[in-house]
Amino acid sequence: MANTCLFQGYIPPTLEEVKKYADLYYAHWEDRSTWLIRRVKQFEPISPVANKIKMSYDVMFSELSELEHRDGVLTLPLDWMYKQPFVSIDISGPWESAVCLASRSESARIATYYVFGWLNRFAGFSLHELTEEQISTVYRLLRGRDTSAHTRLSGWLYIVEKYDLNWPIGSSNNWHAWIANREFRCFFIRLCETFAMSVTLPYRQLETCARGLIKVSWNDSFMYQHEDYFGEYKRQFRQRVSNRIKASLTPVQFLLVRAIVTLSRGIVLLTNWFRSQMRRYGVVPPNFVISLVSESKLGFYGQLILPEAMRIDNVRCEALKIDGEAQRITVRPNGYMHKDDGMKAGDLHYVGNKARLYITRGEGASLSADFRIQAHIKRGQFVLPALFASLAGLAVSVALLLMFIKFESFAFPEDISSMVAVVAILPSAMAGYILFDREHEYVSVVLGSRRVLLVVSMIVTLTAVFTVNLALVIRSGIPDKNKPTAQTLAYIDRLSDTAEVAAFVTFATHLIAFLVFALDFLVTENWRHTISRKFHFGLSWLYAVFLVLCFLCAYCWMGVSLFHWSGEKTKFFAEVPIWLYHHAHTIWQSI
């Protein structure tokens with residue numbers, strides 16, 4: 001029970017502990033390059049809304065001997081994280097079963113050292129003037145369990161922001177004076193909104209292992225929103241800004257501005273939601289954005305590992321900022337990134353399903369970069385088999401329609417079992433590429449819309465086969481076919497119309513499926529070549545327009561030939577293939 005009280009519950013540092021470790025912990029965090037050699041963050045998508053995060057820390061344990069250790073256990077802060085639940089967390093270190101994630105109380109204890117270390121270093125505040133009550137107040141706020149303390153802090157934050165207070169701290173012992181200082185206020189709010197992800201290490205083992213790796217992995221949900229204790233304060237501050245704008249405008253002007261702002265926000269939100277849903281259900285290829293932030297003396301490595309069935313086609317650096325200011329960046333063909341002055345900014349490399357990114361240390365500044373990664377499913381995984389299957393279905397449906405066009409009144413030979421057999425085999429061939437028991441979940445979702453299209457074409461094919469066979473069977477049972485009556489001819493015409501419509505719907509479905517898979521194939525092919533990659537967007541639209549025109553021409557030509565459609569636009573699209581054929585034939589003859 002005594003050991004339990006050391007690591008969980010209400011365990012604020014004592015006054016003597018703060019005086020002893022506050023400066024040491026802050027210096028330890030401010031210059032992490034003395035004990036942290038390398039930091040690597042690895043992303044592995046497991047579904048459209050979640051991924052697996054793996055963090056690796058290369059630590060010099062020999063530099064940690066001066067930190068606080070209680071009952072033979074040392075709490076080491078590794079990184080700052082936004083407050084979130086860690087699902088399926090796994091921690092490993094150089095020692096078996098000896099590294100554990102620190103509790104909320106332990107992390108708040110470390111953050112308390114940071115607060116008073118900052119005050120002592122930057123505000124000229126003497127730690128000898130501290131009181132136990134001040135330490136307890138800071139600890140409760142950072143621990144996040146005392147809602148009344150957060151309510152009082154939120155109210156005071158609203159006041160100091162409203163009047164833009166910036167009081168000097170100096171030797172003041174007043175907690176309200178600390179919050180009224182602008183720099184301390186930003187620093188403390190950042191600590192409250194985040195937490196120090198810390199691990200506990202066996203202190204005695206540090207002497208036997210001077211350097212080692214600590215690995216932390218967990219499943220992260222993209223949909224997660226951490227609780228914001230200062231939501232009311234931020235809402236009030238936004239409302240204050242709105243009132244200030246309202247005071248400078250007439251009521252009509254303000255309503256007009258508000259309507260325009262609301263409409264623009266709605267359009268942006270709707271567009272982003274539509275894009276996210278298109279990617280979520282596999283309508284458009286996957287697109288990843290990874291943000292890396294380096295420190296003044298410590299770079300940052302990032303990795304993206306996709307499932308084996310996927311391939312990375314392009315990686316580019318969208319933005320590079322130094323202390324928040326955007327910078328121009330140049331990426332050489334070998335992946336070397338540098339600024340305009342030639343200074344190295346990082347590296348990016350990718351091969352197969354893996355991408356490796358690196359942001360160099362800022363040399364006194366903080367560097368941040370956003371990398372956009374485009375990927376596609378390997379074409380042999382699904383697109384090529386689906387393309388050939390839809391092409392085969394299209395060929396058979398075209399042959400069946402040509403027979404309807406050639407033989408009037410459904411009078412073509414009754415024995416077309418070979419044609420029906422070929423059509424019946426197609427769904428079985430397609431079904432072999434619809435489900436994969438061992439396929440990665442993320443790949444299954446990306447291929448979801450394509451599989452739905454293939455399933456729809458399969459169902460339509462089965463329906464058409466059933467309809468044509470039923471019409472043949474019914475027609476074979478009609479008496480007096482050699483000397484048909486008017487009623488018999490009308491019945492045969494109805495059967496013929498039904499079979500023609502079924503065959504035409506099959507043709508249109510297979511045509512759409514074939515053109516969609518062809519567009520997917522061509523768009524993916526753009527990323528395989530450096531030249532076409534630069535014009536990827538324009539070429540994709542060119543392919544799409546060309547394939548839509550092909551669909552209109554084939555669709556109208558079949559409609560005019562089979563159902564005798566009329567209309568200028570319909571006849572125009574129907575005659576385009578013939579016109580192109582005659583011109584191509586003339587050019588060929590002249591050559």
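Q: What does buried mean for a residue?
A: A residue is called buried when its relative accessible area is under 20%, exposed when it is over 50%, and partly exposed in between. This structure is a predicted model. In it, Asp58 has a relative accessible area of 7%, so Asp58 is buried. Of the 591 residues of the protein chain, 43% count as buried.

Q: Where does Asp58 lie, and which residues does Asp58 touch?
A: Asp58 lies in strand β2, residues 50–60. Leaving aside residues up to four places away in sequence, Asp58 touches Trp35, Leu36, Ile37, Arg38, Arg211, Gly212 and Leu213. With Arg211 there is also a polar contact: the two side chains are joined at 2.5 Å.

Q: Which class of accessibility does Lys41 fall into?
A: Lys41 has 22% relative accessibility, and the partly exposed class lies between 20% and 50%, so Lys41 counts as partly exposed. Its place is in strand β1, residues 36–47.

Q: Which residues does Lys41 touch, not counting residues up to four places away in sequence?
A: Among them are Ile53, Lys54 and Met55, and also Phe300 and Tyr301. Lys41 and Phe300 are 259 residues apart along the chain, yet their C-alpha atoms are separated by 8.0 Å. For the protein chain, residues 24 or more positions apart account for 75% of the contacts with a separation of 6 or more.

Q: How do strands of a sheet pair?
A: They pair through backbone hydrogen bonds, either parallel or antiparallel. The protein chain here has 17 helices and 17 strands. An open sheet of 9 strands runs in the order β5-β8-β2-β1-β10-β16-β15-β14-β13, and its pairing is mixed. At the edges stand β5 (87–92) and β13 (330–331); each has a single partner strand, so one side of each is left without a neighbour in the sheet.

Q: In what sense do β14 and β15 pair, and over how many bridges?
A: Strand β14 (residues 336–338) and strand β15 (residues 344–351) pair in the antiparallel sense, over 3 bridges. As one example of a bridge partner, Met337 is matched with Gly346 in β15.

Q: Which residues make the nonpolar surface patch, and what is its area?
A: Leu270, Trp273 and Phe274 make a nonpolar surface patch of about 370 Å². Phe274 is found in helix α9, residues 251–280. At 48% relative accessibility, Phe274 counts as partly exposed, because exposed requires over 50%. The protein chain exposes about 32,000 Å², and carbon and sulfur atoms supply 60% of it.

Technical notes. Residues numbered from 1 in each chain as written. Predicted model: local features only at pLDDT ≥ 70, side-chain atom pairs only at ≥ 80, totals over all residues. Heavy atoms only, no water. Patch = residues over 30% accessible without salt bridge, like charges linked within 9 Å, V, L, I, M, F, W, Y side chains within 5 Å. Areas by Shrake-Rupley, 256 points an atom, 1.4 Å probe, with all protein chains shown as cover. Salt bridge = Lys/Arg side-chain N within 4 Å of Asp/Glu carboxyl O. Helix = DSSP H or I, 4+ residues; strand = E, 2+ residues; numbered from the N terminus. Buried < 20%, exposed > 50% of the residue type's maximum accessible area, 1.4 Å probe, protein only. Pairing = 2+ DSSP bridges. Contact = heavy atoms within 4.5 Å. Polar contact = N/O pair within 3.5 Å; in protein donor to acceptor, adjacent residues only side chain to side chain.
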